[in-house]
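The following paragraphs walk through a structure, moving from helix packing to strands and then to the contact between chains. Please keep the display open while reading.

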Amino acid sequence: MDGAAILDDLRARFGAAVLETHDHCGDHTALVDRAAVREVLRYCRDAGALGFDVLMDLTAVDYSRFPGREDGPRFEVVYHLYAIGHNHRLRVKVRVDEDEPVVPSAVPLWPIADWFEREVWDMFGIRFDGHPDLRRLLMYESFVGHPLRKDYPIDRRQPLIGPAH
Amino acid sequence: MATTTREFMLGEGTGPGTAPGTENMQLGLGPQHPAMHGIIRINTELDGEIIRKADVEIGYLHRAFEKDCEVGGWNNAIPYTDRLNYVSPLINNFAYASAVEKLLGIEVTERCQYIRTIMAEISRVCDHLTCVGASAMELGAFTVFLYMIKAREFLWELVEAVTGARLTISYGRVGGVKADLPDDFAAQTKKAFAETRVVLAEVHRLLTGNRIFMDRMVGIGRLSREETVAYAITGPLLRAAGVAYDVRRAQPHWAYDRVEWEVASEKDGDNYARYLVRMREMEQSMRIAEQALDAIPAGPVNVDFEGRPIEPSAYVDQGKQGKTEGLLLVPITLSPNLQGQGREAQKRVNVGDKRVVLPSKEHAYGSIEGLMNHFMLIMEGYGIRPPAGEAYFATEGANGELGFYVVSDGSDRPYRVRCRPPCLPPLAALHRMVEGEMIADLIPTFGSVNMIGGELDR
């Protein structure tokens with residue numbers, strides 16, 4: 001199935017939950033509603049014609065300094081899916097507000113989401129509902145703030161405190 | 001808990017902490033440990049010598065790569081990418097540059113695509129040599145390590161001849177590469193590959209059927225095909241588990257669709273299968289590089305202009321005196337550091353896109369347009385400005401799919417650069433590979449996932 005057909009399929013199946021689609025630079029992308037994201041991902045993984053068996057990457061972008069998007073939902077959580085059998089890719093995005101930065105966890109679908117989501121929590125402060133153990137991944141426990149947020153200054157220094165044990 | 005009156009032997013407990021009088025022991029390995037080539041901490045729970053639980057802790061080498069990329073121009077991120085996977089930095093350079101090119105919608109020149117292919121494959125061999133050599137050393141096969149580092153030395157000499165550096169090479173550029181290949185590069189490569197093949201044959205004889213090596217590797221650190229896929233593991237580990245997925249084959253880029261090669265794969269998914277895959281891939285990589293060197297469009301040097309090269313200072317003087325007629329056609333004697341960056345070489349390896357590629361030195365010194373073009377790319381607030389949007393580009397790194405997700409807001413700085421690190425998924429699944437096995441088996445398993453701290457922690 002080519003990218004356009006995948007997007008058609010998602011639109012037909014999830015209707016209004018698929019908010020927007022595009023294929024800039026040839027990367028087919030679906031922006032979906034936060035409430036539906038787990039169902040969309042599950043469908044992408046399980047539907048035979050899609051067969052996205054690999055969650056290749058999961059990350060986020062802070063759009064608070066992006067021209068024209070300062071007022072909109074602050075974060076986008078970005079899933080890159082890949083299907084080994086069909087050799088096609090899909091990008092799924094979810095917009096998240098700053099006030100309630102929570103996204104349903106993808107850990108029940110793919111175990112690798114565990115670490116990816118821990119990293120997103122660590123770097124952006126977005127929580128994942130249903131994650132079994134949402135700890136920081138790269139920074140240390142006592143680190144304050146989330147460094148990849150645009151309002152975290154690049155030159156801020158924090159004392160490095162070793163692990164408790 | 002009752003106090004025990006006699007000593008327990010290691011491994012005496014029969015179940016997970018069930019035998020009377022025993023309890024599981026917590027043992028932290030790392031972050032600094034002689035047998036761990038990489039700064040990582042593994043908290044294990046041991047029952048005798050059996051690992052019952054393992055918790056992998058990473059982040060000790062976090063240098064804020066992604067944050068740093070956001071504060072400079074698009075090309076400023078190139079040196080940072082060197083320091084991701086520092087054993088095969090060229091692949092990172094090219095992957096990042098290709099991601100930005102995808103965003104810009106430009107296609108690099110044919111010769112540049114071949115150069116990227118050749119240099120990426122040489123780097124892959126270096127990476128596999130290091131991985132196999134180091135894991136063999138940790139099992140006591142020190143000779144193998146020395147042999148393989150010797151072979152890597154031959155290849156790093158090639159890298160040095162092309163880029164001027166061994167590790168922090170910064171050779172890729174958005175829109176091309178820093179400089180053309182040196183003149184006798186094909187011959188040098190041939191020689192280095194011949195030496196490497198000798199070493200690989202020796203290592204095959206030393207390791208592949210070796211009883212001790214096989215005892216330590218066969219059936220150890222196994223991960224099923226399903227779990228490997230569910231953990232998004234790519235590269236040699238995935239191919240060792242029976243899935244012949246290779247980005248170079250599945251989504252061909254650069255010159256990978258113009259050379260013949262095989263995707264190496266095995267079925268067992270254990271450490272030994274990973275070793276075999278890496279050994280076969282090195283041969284395939286050399287095959288790719290050799291074919292690419294044969295097929296690379298030559299582009300003759302110094303044909304379409306006359307005159308002998310002159311000194312840059314004399315060149316600038318002539319320009320100042322208004323003697324500009326035909327000046328642009330005169331080549332400059334470049335210092336050895338700038339070798340391969342002359343006007344003709346630039347044309348061969350870089351796209352002719354003034355939005356992206358620095359003008360050649362002849363143009364920058366000899367014409368006002370060239371100088372302005374140079375400034376427009378270098379000055380703060382100008383530079384490369386991809387249109388607003390996002391792009392994901394993936395290539396096959398030495399450890400698996402190396403992806404860059406770049407977001408542009410239309411300015412001269414990346415809005416977001418995300419590196420999909422190929423060795424993070426195997427580390428996330430490491431606990432699944434070692435639980436239930438002996439603590440000594442952790443060493444070959446950890447060696448086989450080839451953790452590279454720079455790329456894992458970014």
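In this predicted model, a convenient starting point is a contact between two helices of chain B: Asn271(B), Arg274(B) and Tyr275(B) in H11(B) meet Pro444(B), Thr445(B) and Ser448(B) in H18(B). Sorted by class, this contact has two nonpolar, three polar and one charged residues. Helix H11 of chain B covers residues 271–295 and helix H18 of chain B residues 442–449; they pack at an angle of about 35 degrees, and their axes are 10 Å apart. The crossing of H11(B) and H18(B) is left-handed.

Another helix pair in chain B consists of helix H4 (residues 110–138) and helix H5 (residues 142–163), whose axes lie 8 Å apart at an angle of about 160 degrees. With an angle over 145 degrees counting as roughly antiparallel, H4(B) is therefore roughly antiparallel to H5(B). For H4(B) and H5(B), too, the crossing is left-handed. Residues that H4(B) brings to this contact include Met119(B), Ile122(B), Val125(B), Cys126(B) and Leu129(B), while those from H5(B) include Phe142(B), Phe145(B), Met148(B), Leu155(B) and Trp156(B). By class, the contact of H4(B) with H5(B) has 20 nonpolar, two polar and one charged residues. Arg152(B) of H5(B) is among the residues that make the contact.

Chain B also contains a strand hairpin. E6(B) and E7(B) form it, with two residues between them. Strand E6 of chain B spans residues 389–397, and eight of its nine residues are buried. Its pairing with strand E7 (residues 400–408) of chain B is antiparallel and runs over nine bridges. To place the register, find Gly389(B), which stands opposite Ser408(B) in E7(B).

Chain A offers a sheet to follow. Five of its strands form an open sheet in the order E1-E2-E5-E4-E3, with mixed pairing. Strand E1 (18–22) and E3 of chain A are the edge strands; each has a single partner strand, so one side of each is left without a neighbour in the sheet. Neighbouring strands of this sheet are turned against each other by 20 degrees on average, direction ignored. Inside the sheet, strand E2 (residues 29–32) of chain A pairs with strand E5 (residues 88–96) of chain A in the parallel sense over four bridges. Within that pair, Thr29(A) stands opposite Arg91(A) in E5(A).

Helices pack on this sheet as well. Helix H2 (residues 37–46) of chain A touches E2, E4 and E5 of chain A, and its direction makes about 175 degrees with that of E5(A). H3(A) touches E3 and E4 of chain A, and its direction makes about 10 degrees with that of E3(A).

What remains is the contact between the chains. How many residues of chain A are in contact with chain B? There are 28, and they contact 33 residues of chain B. On the chain A side, strand E3 (54–62), strand E4 (75–83) and helix H3 (113–124) each supply at least two residues. The largest share, six residues, comes from E3(A). By class, the side of chain A that touches chain B divides into 19 nonpolar, four polar and five charged residues. E3(A) thus appears in both parts of this account: it stands at an edge of the sheet, and it supplies the largest share of the side of chain A that touches chain B.

Notes
Residues numbered from 1 in each chain as written. Chains lettered and ligands numbered in written order. Predicted model: local features only at pLDDT ≥ 70, side-chain atom pairs only at ≥ 80, totals over all residues. Contact = placed C-beta atoms within 7 Å. Nonpolar A, V, L, I, M, F, W, Y, C, P; charged D, E, K, R; others polar. Buried ≥ 20, exposed ≤ 12 C-beta atoms within 10 Å, placed from the backbone. Pairing = 2+ DSSP bridges. Axes fitted to C-alpha atoms, helices over the stretch in contact; angles between N-to-C directions. Left-handed = near helix turned anticlockwise from the far one by under 90°. Parallel < 35°, antiparallel > 145°, perpendicular 65-115°, else oblique.
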